[in-house]
Amino acid sequence: MATARRAALATMRSLITPEGVDLQIKLADAGTRAAAFLLDVVFIATAAIAVTIVALFGVTGFGTDKLQPLFIVWIIAIFFLRNVYFIAFEAGRRASTPGKRIIGIRVASRNGAGLSVDQVIARNLMREIEVFLPLSIIAGRSGMGVADTLTTVFGLVWALLFALFPLFNRDRLRIGDLLAGTWVVEAPKRTLMEDLSARKDPVARTFQFSHAQLDAYGIAELHKLEEVLRRDDYFALRAVAETIGRKIGSTPQAHDARPFLTAYYGDLRAHLERKLLLGTRKADKHARGSNAGPTRLP
């Protein structure tokens with residue numbers, strides 16, 4: 001029992017939100033991350049096979065002298081396929097690929113802010129050096145005979161060192177995570193978004209916010225507010241409600257913390273979606289938004 005408890009605590013970390021709230025998160029272990037990656041590889045390989053079959057049907061009319069340039073084009077296409085796959089999914093709202101989503105993990109920024117596109121690009125392009133480059137060396141040795149046995153051994157050692165790197169640091173970081181300032185955390189599935197959007201709480205419906213009050217925060221804070229509501233910790237809810245209340249000029253009671261945050265989350269989400277439709281995107285509270293200042297609720 002004590003050993004299991006120490007093991008669980010060893011993977012717990014503090015994630016400080018922009019509002020100064022300490023959210024306890026659990027790092028994904030190496031086995032979980034490997035399983036998610038293998039699932040993603042299966043999805044990518046399936047897409048690559050489909051692309052290859054379509055390409056083969058398309059090149060039947062070309063002569064054999066045209067196959068080598070087409071093979072180079074195919075390699076470039078597969079390179080973009082796997083990178084677009086990882087970057088597009090991890091840059092989305094869930095910050096997780098389909099493989100990560102199935103396993104129940106996601107990517108998060110280690111500084112507590114919202115995950116930026118630059119971070120996602122950096123951690124995923126580094127995967128090319130960590131994984132796919134040595135695998136390409138090994139595949140080239142076995143398939144085309146362009147590398148000798150020593151090069152193959154070098155590729156295997158290279159891939160093994162990068163694969164084992166997360167086991168030798170306490171935060172289970174890949175080289176890509178280390179450079180990008182990210183880590184992979186557990187994200188258990190919960191049904192929350194439907195309840196928030198529907199505003200079923202009768203107390204939550206009594207709160208109304210002006211455009212200026214909603215302009216106080218951006219997309220990054222919306223995501224952190226969602227995490228606070230998902231966790232449903234009384235003290236975290238109260239601390240965040242007090243902080244938001246001070247910033248927008250409202251004074252919610254302690255027992256109204258969750259209804260207040262539920263109402264603010266729903267209105268802020270709708271407000272940001274309307275602004276996105278108009279071509280305006282506010283990344284966080286530090287970005288320039290409306291010139292109007294916050295007003296006090298009646």
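Hi everyone, let me start with helix α3, which gives the nonpolar patch its largest share, five residues. Before I go on, please keep in mind that this is a predicted model.

So which residues form that patch on the surface? They are Ile72, Ile76, Phe79, Phe80, Val84, Val117, Ile121 and Leu125, and together they have about 680 Å² of accessible area. Two helices, α3 (67–90) and α5 (117–143), each supply at least two of the patch residues. If you want one residue to look at, try phenylalanine 79, which lies in α3. Phenylalanine 79 counts as partly exposed because its relative accessibility is 30%, and the partly exposed class runs from 20% to 50%.

Now to the charged side chains. How many salt bridges does the structure hold? The count is 13. One of them joins lysine 100 to glutamate 90, with 2.9 Å between the closest N and O atoms. Here lysine 100 sits in helix α4 (residues 98–103) and glutamate 90 in helix α3, so to speak two distant parts of the chain linked across 10 residues. Are these two partners buried or exposed? Both lysine 100 and glutamate 90 are buried.

Let's move along to helix α10, residues 219–231. This helix has 13 residues and spans 19 Å from its first C-alpha to its last, close to the expected 18 Å. Most of α10 is covered, with 10 of its 13 residues buried. Among them are the nonpolar Ile219, Leu222 and Val228, but also the charged Glu221, Lys224 and Glu227. Right after the helix, aspartate 232 takes a positive phi of about 55°.

Glutamate 227 deserves a second look, as we meet it in two salt bridges. In one, its partner is arginine 106, and the closest N and O atoms are 3.6 Å apart. Glutamate 227 belongs to α10 and arginine 106 to strand β3 (residues 105–109), so this pair ties together parts that are 121 residues apart in sequence. Arginine 106 has 22% relative accessibility and therefore counts as partly exposed.

In the other, glutamate 227 meets lysine 224, at 3.9 Å from N to O. These two are about one helical turn apart, because they are three residues from each other in α10. Glutamate 227 and lysine 224 are both buried. Elsewhere, salt bridges with shared partners join Arg33, Glu90, Lys100, Arg123 and Asp177 into one network, and that brings back our earlier pair, lysine 100 and glutamate 90.

Thanks for listening!

Key. Residues are numbered from 1 along each chain as its sequence is written. This is a predicted model: local features need pLDDT of at least 70, side-chain atom pairs count only at pLDDT 80 or more; totals for chains, interfaces and linings use all residues. Side-chain values use heavy atoms; hydrogens and water are left out. Helices (H or I, at least four residues) and strands (E, at least two) are DSSP runs, numbered from the N terminus. The expected span of a helix is 1.5 Å times one less than its number of residues. Buried means under 20% relative accessible area, exposed over 50%, partly exposed in between (1.4 Å probe, protein chains only). Patches are made of residues with over 30% relative accessible area and no salt bridge: like charges are joined within 9 Å, nonpolar side chains (Val, Leu, Ile, Met, Phe, Trp, Tyr) within 5 Å. Accessible areas come from the Shrake-Rupley method with a 1.4 Å probe; for residues, only the protein chains shown count as cover. A salt bridge is a side-chain nitrogen of Lys or Arg within 4 Å of a carboxyl oxygen of Asp or Glu.
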